[in-house]
Amino acid sequence: MGSSNSWGLLGADGGHVEIVEYRPEWAEIFERERTNILDSCRPWVMEVHHVGSTSVPGLAAKPILDIMPVVTNPVDGENAIEPMTTLGYRYRGDNGLPGRFYFDKVVDGRTVMHCHMYPQDHSDVRKLVAFRDRLRTDRETASEYERLKRNLAFKHRDDRESYTDGKGAFISKTTTAALAGSQD
């Protein structure tokens with residue numbers, strides 16, 4: 001799969017909230033981006049995780065990849081901004097979440113990537129991975145989440161904020177349960 005046409009598998013037209021069936025190519029696109037980020041952002045970026053719904057095989061999702069590069073500390077995050085922009089990411093500050101370095105990537109007028117870079121000790125690192133892993137291993141929870149997202153996308157097609165807010169309680173409950181389970 002060439003990089004020029006693979007971006008067409010991502011992004012939503014016109015800024016609408018759109019849920020699409022899972023695409024195995026999402027994992028391939030992530031791996032390509034992960035390699036590019038690690039190659040361009042060493043030594044600052046330690047690892048890159050695929051998070052969010054597109055990281056869960058079989059789960060319908062908004063066709064925008066969520067990725068999470070992890071840096072050792074905030075200084076390394078600052079150092080990684082320039083190489084990330086060289087890769088085509090737009091730096092957006094913390095975008096409302098203190099401690100986060102947020103980027104997005106737009107290709108052909110479509111947002112295709114949301115990039116949440118955190119220092120390794122930020123609580124959201126464990127939360128995002130725990131939520132992803134719970135959805136990967138618990139089909140019932142993943143199905144419940146998919147139904148919720150489809151309903152919210154139908155109700156809030158033109159209101160991304162309400163769509164995102166509508167998922168909050170489910171994500172929080174699932175993440176709390178996943179983190180409690182991982183401490184056994």
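This short talk walks through the sheet, the helices beside it and the largest pocket of one structure. Keep in mind that this is a predicted model.

Let's start with the sheet. It is open and has 5 strands, in the order β1-β2-β5-β4-β3. The pairing is mixed. Which strands stand at the edges? They are β1, residues 45-51, and β3, residues 89-91. Each has a single partner strand, so one side of each is left without a neighbour in the sheet. Neighbouring strands are also turned against each other, by 25° on average, direction ignored.

A quick reminder about sheets. Strands pair through backbone hydrogen bonds, and they do so either parallel or antiparallel. Both kinds are here.

Walk along from β1. Its partner is β2, residues 65-71; the two run antiparallel, joined by 6 bridges. One bridge pairs V51 with D66 in β2. Next, β2 meets β5. These two run parallel, with 5 bridges between them. Here V70 has Y118 in β5 as its bridge partner. Then β5 meets β4. That pair is antiparallel again, with 7 bridges. β4 and β5 form a hairpin, with 2 residues between them. D108 sits in the turn and has a positive phi of about 50°.

How much of β5 is covered? Mostly: 9 of its 10 residues are buried.

Now the helices. α2, residues 25-41, lies across β1, β2, β3, β4 and β5. Its direction is at about 165° to β1. Helix α4, residues 123-137, packs on the sheet too, and touches β1, β2 and β5. It makes an angle of about 40° with β1.

Let's zoom in on one residue, D104. It belongs to strand β4. Is D104 buried or exposed? Its relative accessibility is 7%, so it counts as buried. Across from D104, in β5, stands H114. Beyond its close sequence neighbours, the contacts of D104 include H114, T111 and M113, along with Y89 and R90.

Last stop: the largest pocket. It holds about 1100 Å³ of space. It is lined by 37 residues, and the closest to its centre are D66, R100, H116, T164 and K167. We met D66 earlier, as the bridge partner of V51. Which elements give two or more residues to this lining? They are β4, β5, α4, α5 and α6. The largest share comes from α6, with 12 residues. By type, the lining divides into 12 nonpolar, 12 polar and 13 charged residues.

That's the tour. Thanks for listening.

Notes:
Residues numbered from 1 in each chain as written. Predicted model: local features only at pLDDT ≥ 70, side-chain atom pairs only at ≥ 80, totals over all residues. Heavy atoms only, no water. Pairing = 2+ DSSP bridges. Helix = DSSP H or I, 4+ residues; strand = E, 2+ residues; numbered from the N terminus. Axes fitted to C-alpha atoms, helices over the stretch in contact; angles between N-to-C directions. Contact = heavy atoms within 4.5 Å. Buried < 20%, exposed > 50% of the residue type's maximum accessible area, 1.4 Å probe, protein only. 1 Å grid on protein atoms, 1.4 Å probe; cavity = no way out; pocket = protein on both sides within 12 Å on 5 of 7 lines; lining within 4 Å. Points joined across faces, edges and corners; volume = space filled by probe spheres on them. Nonpolar A, V, L, I, M, F, W, Y, C, P; charged D, E, K, R; others polar. Lists of a residue's contacts leave out its neighbours within four places in sequence.
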